[in-house]
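Open the model in your viewer and keep the selection panel at hand. The stops below go from the whole chain to single residues.

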Amino acid sequence: MERERIHRRLLQWYRHRRRPLLWRQRSWTPYEVLVREVMLQQTQSSRVEQALPAFLQRFPTLQALAAAPLADVLQQWAGLGYYARARALWRCARLLLERYGATIPEDERLLRRLPGIGPYTSAALLVFAFGRQDVPLIDTNIRRVLLRVTGLAATPPAPAQLRELARAWIPTGASAEWHEALMDLGATICTARHPRCSECPIGQWCRSAHRVPPPPPRSARREPEFAGLPRRLWRGRLLRLLVERNPLPLKHAAELLFGPAPSVEQRRWLLELVAALERDGLLDRRNGILCLPNAPQAPRESIPSAGEPR
DNA sequence: AATACGTGGAC
DNA sequence: TGTCCACGTAT
C-alpha cells in the first residue's frame, strides 16, 4: 500500500540523516523531554540543541529545577526569548513535585492542566516520553506535511478530522520516530514557502508535489510600538538587562535603555514595561530596584483538580 | 476569538 | 541592509 511505502521511505530518510538531531543521540527521561519540548515550542531546533545541554546540566532533574529560585531559571533561559515559558516550566516542576511525587503523569487530561503544557506539549510527552502509539502529535510542520501529502492542503479538514487522519497515519510501533521525521521533513524540505519537492524522500507519492503553495494570509494588525520598536522588543531588552545585572535600580535601567538623560516619556514607557513584567511574574520591584523574582518568597501554587471544568 | 510574546533566519 | 516571518500557550 502507498501509505506503507511512505512510512518506510520517510523513516529511512530520517534514520540516515547526515547529522542526527540531538534527541536521536541518546534516550531521554520524561523530565528531559518536558524541558526539550517546552524549549521547542517557539524556538528553532538548532538553537534548542545549543541551549538544552547547558540547561539540563544546571537543572539535571525535576527536583533540581523545582528547588531552584526562579531567577536562576530565567538566567539559564537567557537568549531563548519567551521567558514566560521558563516560568511556566518552573511552576510546572514545582507542581509535579508537590502533587505527583516528582513524576510526570502519563495522562493527557492531567498534563493539560499543568502550566505551559498545551495540546502540542502534552501529545509530545505521551509520544516521546511514554511511547504511546495511539496519540497523534500535530504541530504546524506535521499539519502542513500531512495535508500536502494527502492533497488536502486546499481544503483542510476540521481539527477533529485532522486528528483522526493523523492518528491513522501513525505507522505501527514507530510513532515517536514517525513524528520526529515528519517535523524534520517539514522544517527542512516541506517548508511553508518554498518546498524543495525535488529533494523530498516521499515526493513521488505526494499529491501536492511541485505545486506552488498558496501564499499564507498576512496579518492585518500592527503591534504597539515605542520609538519605532515593538513593545515586545523593549520588553525583551529590559528582561535581558535584568538577567545580566540583577538587581538593577530603575534609574540605571532607564539609562541603559535610553541613554544618560531619559525623557519623561521614556521613563513612563519603562514603567509600563515594568508593570507588565510584574504582572507576568517575571520581575519584582522593591524601593525603586528591579530584580528577578525569587523562589522562597513565591506564593504556593495550586492547580485545579482534574474533575473541575476549565 | 483574537492577540501578545521574542529570537534568528529568510529574502 | 532592513523588513518580514515563524508558532504553541495563555488570556
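**The whole chain**

Start by selecting chain A, which has 14 helices and five strands; these are DSSP runs numbered from the N terminus, with helices being H or I over at least four residues and strands being E over at least two. This is a predicted model, in which local features need pLDDT of at least 70 and side-chain atom pairs count only at pLDDT 80 or more, while totals for chains, interfaces and linings use all residues. Residues are numbered from 1 along each chain as its sequence is written, chains are lettered from A and ligands numbered from 1 in the order in which they are written, and side-chain values use heavy atoms, with hydrogens and water left out.

Along the principal axes, the C-alpha atoms of chain A fill a box of roughly 70 × 45 × 40 Å. Show the surface: chain A exposes about 16900 Å², and carbon and sulfur atoms supply 50% of that area. Accessible areas come from the Shrake-Rupley method with a 1.4 Å probe, and for residues only the protein chains shown count as cover. Of the 310 residues of chain A, 45% count as buried (under 20% relative accessible area, against over 50% for exposed and in between for partly exposed; 1.4 Å probe, protein chains only).

**DNA strand C**

Next, select DNA strand C and the residues near it (those with a heavy atom within 4 Å). There are 15 residues around the strand, and the closest are Gln-42, Gly-116, Gly-118, Pro-119 and Thr-121. Which part of the strand do the atoms within 4 Å of the protein belong to? Sugar or phosphate accounts for 71% of them, and bases for the rest.

Colour this surface by class: five residues are nonpolar, seven polar and three charged. Here Ala, Val, Leu, Ile, Met, Phe, Trp, Tyr, Cys and Pro count as nonpolar, Asp, Glu, Lys and Arg as charged, and the others, Gly among them, as polar. Helices α8 (119-129) and α9 (140-149) each supply at least two residues of the surface, and the largest share, three residues, comes from α8.

Now zoom in on the polar contacts (N or O atoms within 3.5 Å; within protein, one must be able to donate a hydrogen and the other to accept it, and residues adjacent in sequence count only if both atoms are side-chain atoms). A polar backbone atom of Gly-118 is 2.8 Å from a phosphate oxygen of DNA strand C. For Tyr-120, a polar backbone atom is 3.0 Å from a phosphate oxygen of the strand. At Thr-140, a polar side-chain atom lies 3.1 Å from a sugar or linking oxygen.

**Thr-43**

Select Thr-43, in the loop between α2 (30-40) and α3 (45-58). Why does Thr-43 count as buried? Because its relative accessibility is 7%. Its side chain has a polar atom 3.3 Å from the backbone oxygen of Met-39, and a polar contact of 3.0 Å joins the side chains of Thr-43 and Arg-85. Beyond neighbours within four places in sequence, Thr-43 is in contact (heavy atoms within 4.5 Å) with Val-48, Leu-80 and Arg-85.

**Val-127**

Move to Val-127 in helix α8. Val-127 has a relative accessible area of 1%, so it is buried. Leaving aside neighbours within four places in sequence, its contacts include Arg-132, Ser-175 and His-179. Leu-137 is 10 residues from Val-127 along the chain, and their C-alpha atoms are separated by 7.5 Å.
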